[in-house]
Amino acid sequence: MFTLKHFKTPATRWCRLNSFKRYKSTQQNVNINIWPSFGEYSEDVKVPFTNEMHLEIPDPDKHRPAYRILDENGNLCPDAKEEVDIKVNDAQSLYKKMVTLQIMDQVLYEAQRQGRISFYMTTSGEEGVNIGSASALELKDTIFAQYREAGVLLWRGFTLQNFIDQCFSNCGDPGKGRQMPIHYGSKELNFQTISSPLTTQVT
């Protein structure tokens with residue numbers, strides 16, 4: 001049985017510290033109060049938190065709770081279930097991919113800010129959605145992704161060199177420089193090329 005104690009490592013602390021620094025560096029005097037039981041997104045909207053996962057029929061008259069097991073400081077919530085039904089090796093593999101995605105984002109985002117590449121968007125805060133959803137799919141499942149979903153490709157085997165080649169439009173870029181940076185695609189990994197306009201693949 002896997003528990004969160006398996007992630008109390010120096011890498012975990014490094015990831016939290018650098019994620020916090022990067023998050024704070026993008027803020028411009030924005031004050032978002034996180035209450036113990038509510039996430040406050042505006043003066044009128046308070047979204048309750050829950051640490052229980054279940055399916056329900058949406059009620060248009062009330063806000064659906066946001067699921068979380070960690071608080072804003074990365075600590076386990078008091079009522080959260082610490083044990084998860086997943087093998088330790090699988091959980092660590094998921095975590096390593098999320099950390100790799102964060103580090104890649106940090107390097108390529110800084111490259112864009114330095115003018116080395118023309119465009120970049122990070123997956124900050126969405127690493128779990130990327131890697132978790134990708135791990136539940138098979139290679140035969142076709143992916144129609146959008147911005148901030150590079151983790152799906154990373155999970156399927158797209159290498160860091162592949163990402164860099166695409167972003168820099170060099171000779172290793174499968175698209176031969178015909179796409180903007182982060183418009184990834186891979187026929188081998190059954191991942192349709194990302195397009196600039198949103199929702200173009202909805203039918």
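Reader: How far apart should the ends of helix α2 be, and what span does this structure give?

Author: The expectation comes from a rise of 1.5 Å a residue, so the 26 residues of α2 (residues 88–113) should span 38 Å. In this predicted model, the end C-alpha atoms of α2 are 37 Å apart, which agrees with that expectation.

Reader: Which residues of α2 are buried, and what follows just after the helix?

Author: The buried residues of α2 include A91, L94, Y95, V99, L101 and Q102, and M104, D105, L108, A111 and Q112 are also among them. Just after α2 comes G115, whose phi is positive, at about 85 degrees.

Reader: Where is R148, and is R148 buried or partly exposed?

Author: R148 lies in the loop between β6 (143–144) and α4 (150–156), and its phi is positive, about 65 degrees, although R148 is not a glycine. Buried means under 20% relative accessible area and exposed means over 50%, so R148, at 33% relative accessibility, counts as partly exposed.

Reader: How should I read I182 by the same steps, beginning with its place in the chain?

Author: I182 sits in the loop between α5 (160–168) and β7 (191–192), and its phi, near 65 degrees, is a positive value in a residue other than glycine. Because its relative accessibility is 4%, I182 counts as buried.

Reader: How many helices and strands does the protein chain have, and in what order do they run?

Author: There are 5 helices and 7 strands, which run from the N terminus as β-α-β-β-β-β-α-α-β-α-α-β. Of the 203 residues of the protein chain, 30% count as buried.

Methods. Residues numbered from 1 in each chain as written. Predicted model: local features only at pLDDT ≥ 70, side-chain atom pairs only at ≥ 80, totals over all residues. Heavy atoms only, no water. Helix = DSSP H or I, 4+ residues; strand = E, 2+ residues; numbered from the N terminus. Expected span 1.5 Å × (residues − 1). Buried < 20%, exposed > 50% of the residue type's maximum accessible area, 1.4 Å probe, protein only.
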